[in-house]
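Visitor: I have a structure here and a few quick questions. Can we go through it piece by piece?

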Amino acid sequence: MSEHTYKMIELVGSSHTSIEEAVKNAVARAAVDEKKLRWLEVLETRGHIEDGKIAHWQVTVKIGATLD
């Protein structure tokens, strides 16, 4: 196994559809600035409620990217 050093970023992704889509949105946004994404960890999951229904989901994710 080769040794790596990682940069970690923490983002909050959101989606009106699902928790999984919220995670995908956060990763997609991270990929705009970071090209060597390697792993993620979901830290928190939240939902926003409007009129007694789930309006959208929010997830806080920590994403690791390999440094050159």
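Guide: One term before we start: helices and strands here are DSSP runs, with at least four residues for a helix and at least two for a strand, numbered from the N terminus. By that rule, Thr60 lies in strand β3, residues 53–66. Bear in mind that this is a predicted model.

Visitor: Fine. How many helices and strands does the protein chain have, and what pattern do they follow?

Guide: There is one helix and there are three strands in the protein chain. Along the sequence the pattern reads β-α-β-β.

Visitor: Back to Thr60. Buried or exposed, and why?

Guide: Thr60 has a relative accessible area of 4%, so it is buried. The cut-off for buried is under 20%.

Visitor: What does the side chain of Thr60 make a polar contact with?

Guide: With the side chain of Arg46, at 3.2 Å. Arg46 is also among the residues that Thr60 is in contact with once neighbours within four places in sequence are left aside. The others on that list are Glu10, Leu11, Val12, Glu41, Val42, Leu43 and Glu44.

Visitor: Now Ser15. Where does it lie, and is it buried or exposed?

Guide: Ser15 is in strand β1, which covers residues 6–15. Its relative accessibility is 7%, and therefore it counts as buried.

Visitor: Which backbone nitrogen lies 3.3 Å from a polar atom of the Ser15 side chain?

Guide: That of Ser18. Beyond four places in sequence, Ser15 is in contact with Glu21, Ala22, Asn25, His56 and Trp57.

Visitor: And Ser14, buried or exposed?

Guide: Neither: Ser14 is partly exposed, because its relative accessible area is 39%. Ser14 also lies in strand β1. Its contacts, again leaving aside neighbours within four places, are Ala22, Asn25, His56, Trp57 and Gln58.

Visitor: How far apart are Ser14 and Glu41?

Guide: They are 27 residues apart in sequence and 15 Å apart in space, C-alpha to C-alpha.

Visitor: Switching to the helix. What can you tell me about Ile19?

Guide: Ile19 lies in helix α1, residues 19–33. At 34% relative accessible area, Ile19 is partly exposed. Its C-alpha is 6.9 Å from that of Val59, and the two residues are 40 apart in sequence. Val59 is one of the contacts of Ile19 beyond four places in sequence, along with Thr45 and Trp57.

Visitor: Where is Asp51, and what is its phi?

Guide: Asp51 is found in the loop between β2 (37–50) and β3. Its phi is positive, about 55°, although Asp51 is not a glycine. With a relative accessible area of 80%, Asp51 is exposed.

Visitor: Overall shape, then. What radius of gyration does the protein chain have?

Guide: It has 14 Å, whereas a compact globule of 68 residues would be near 11 Å. The C-alpha atoms fill a box of roughly 50 × 20 × 15 Å along the principal axes.

Visitor: What share of the residues is buried?

Guide: Buried residues make up 24% of the 68 in the protein chain. The chain exposes about 5000 Å², with carbon and sulfur atoms supplying 51% of that.

Visitor: Last one, charges. How far apart are the mean positions of positive and negative?

Guide: They are 4 Å apart, for 9 positive and 11 negative charges.

Note on methods. Residues numbered from 1 in each chain as written. Predicted model: local features only at pLDDT ≥ 70, side-chain atom pairs only at ≥ 80, totals over all residues. Heavy atoms only, no water. Buried < 20%, exposed > 50% of the residue type's maximum accessible area, 1.4 Å probe, protein only. Polar contact = N/O pair within 3.5 Å; in protein donor to acceptor, adjacent residues only side chain to side chain. Contact = heavy atoms within 4.5 Å. Rg over C-alpha atoms; globule rule 2.2 N^0.38 Å. Areas by Shrake-Rupley, 256 points an atom, 1.4 Å probe, with all protein chains shown as cover. Lys, Arg positive; Asp, Glu negative; His and termini not counted. Charge placed at Lys NZ, Arg CZ, Asp CG, Glu CD.
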